[in-house]
Amino acid sequence: MLRFFQTLDRRWIFLLMLLAVSIPLLLQRTYPEIPTRMVQNVFDFVEDLPSGSRVLMAWDYEPASEGELAPMAIAFVRHCCEKRHKLYFLTTWPAGPPMIAKSIAEIRTRYPQLVYGQDYVNLGYKAGDEGVIKVIVTDLKKYITTDHFLTDVNAIPMMKTISSVQDMDLILNVSAGRAGTKEWVQYVTTPFPKIKLAAGVTGVQAPLFYPYIPEQLIGLLGAIKGAAEYEAALAKRYPQFAAPKFNEGVRRMAPQLWAHLLVLLLIMAGNVIYLVERRRGRR
């Protein structure tokens with residue numbers, strides 16, 4: 001038996017990983033999610049904002065990280081729409097506009113009663129990385145003169161009362177890197193502590209932002225796990241979102257769990273084989 005595991009073709013391990021990922025997906029297997037305090041803080045802040053509050057949706061990510069970040073972005077959009085907040089979409093990433101377009105498609109599908117220019121606006125991509133953030137925190141219209149469709153921002157009803165980012169009641173940033181959450185913290189919430197910021201980031205970034213909670217960041221969603229927890233909080237408060245089709249983050253957690261368990265079992269098996277070999281060598 002020991003010889004069998006020592007000479008096991010690695011392709012069998014690849015097959016096991018394929019099964020660990022595909023079986024829970026095919027079976028639509030899900031597990032309960034309990035929001036952590038960091039995620040719950042974000043949800044509660046959005047929930048407690050008065051209806052009609054102004055929320056800047058800074059989508060600083062691209063298709064490469066869409067699988068990890070899109071579920072939390074859509075969850076943010078649904079929650080804000082349920083609260084009837086005013087949504088201002090913006091991205092500093094060249095590949096970010098399609099991510100905004102998908103969020104707006106969600107609004108048009110689920111909330112057709114909301115009107116562009118009155119309830120939500122697409123300010124599109126603005127070049128300059130953190131330079132954009134540095135300018136708009138004090139003078140938004142100095143840098144952003146048109147929306148994504150080249151309409152003068154002064155002709156858009158919901159932009160008439162906005163002069164800078166400081167007029168926003170909340171910033172929700174979904175970030176895959178630079179410019180992103182770090183720059184929003186450095187140039188916005190650190191020099192202007194009255195501005196409220198919450199973020200959702202990739203898994204490798206999340207530990208870097210823990211020191212900013214709760215001063216510069218209200219809370220943080222880390223990767224697909226954070227998205228799943230936010231979806232769970234949203235489904236608890238709004239039962240219409242309890243259906244699996246509204247919980248992409250929760251659905252993706254089962255394959256991740258099974259894959260992690262498989263990796264742990266393989267590590268344990270490898271260590272057992274090593275210890276047995278060492279014991280036989282001594283004999």
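**Entry 1: α3 against α4**

I began with the contacts between α3 and α4 in this predicted model. On the α3 side I find Val-42, Phe-43, Val-46 and Glu-47, which meet Phe-76, His-79 and Cys-80 of α4. I then looked up the axes: they come within 9 Å and cross at roughly 30°. Angles under 35 degrees count as roughly parallel, and α3 and α4 are therefore roughly parallel to each other. I note the crossing of α3 and α4 as right-handed.

**Entry 2: Phe-43**

I picked Phe-43, a residue of helix α3, for a closer look. Is Phe-43 buried or exposed? Its relative accessible area is 4%; buried means under 20%, so I list Phe-43 as buried. Leaving out residues up to four places away in sequence, I see Phe-43 touch His-79, Tyr-230, Ala-233, Leu-234 and Arg-237. I also checked Phe-43 against Glu-231: 188 residues separate them in sequence, and their C-alpha atoms are 9.7 Å apart in space.

**Entry 3: the sheet**

I traced the strands next. Six of them form an open sheet, ordered β3-β2-β1-β4-β5-β6, with parallel pairing. At the edges I find β3 (120-125) and β6 (220-222), each of which pairs on one side only. Neighbouring strands of this sheet are turned by 15° against each other on average, with direction ignored.

I followed one pair further. β1 and β4 are joined by six bridges in the parallel sense. Which residue of β4 is the bridge partner of Met-57? I find Leu-172 there.

I also looked at what covers β5 (197-201) and β6: α10 lies across both, and runs at about 120° to β6.

**Entry 4: the nonpolar cores**

I looked up the largest nonpolar core, which has 44 residues. Met-57, Trp-59, Phe-89 and Leu-172 touch the most other members. Among the elements that give two or more residues to this core are α3 (37-48), β1 (54-60), α4 (66-82), β2 (86-91), β4 (170-175) and α10 (223-237). Which element gives the most? I find α4, with nine residues.

Apart from this core I note another, of 32 residues, which includes Ile-171, Ala-199, Val-201 and Phe-209.

**Entry 5: Trp-59**

I ended with Trp-59, leaving aside its neighbours within four places in sequence. Its contacts include Ala-73, Phe-76 and Val-77, and also Phe-89, Leu-90 and Thr-91. I further list Met-99, Ile-100, Ser-103, Leu-172 and Val-174 as contacts of Trp-59. Phe-89 and Leu-172 thus appear here again, as they did with Trp-59 among the core residues that touch the most other members.

Notes:
Residues numbered from 1 in each chain as written. Predicted model: local features only at pLDDT ≥ 70, side-chain atom pairs only at ≥ 80, totals over all residues. Heavy atoms only, no water. Core = buried A, V, L, I, M, F, W, Y, C linked by side-chain atoms within 4.5 Å. Buried < 20%, exposed > 50% of the residue type's maximum accessible area, 1.4 Å probe, protein only. Helix = DSSP H or I, 4+ residues; strand = E, 2+ residues; numbered from the N terminus. Contact = heavy atoms within 4.5 Å. Pairing = 2+ DSSP bridges. Axes fitted to C-alpha atoms, helices over the stretch in contact; angles between N-to-C directions. Parallel < 35°, antiparallel > 145°, perpendicular 65-115°, else oblique. Left-handed = near helix turned anticlockwise from the far one by under 90°.
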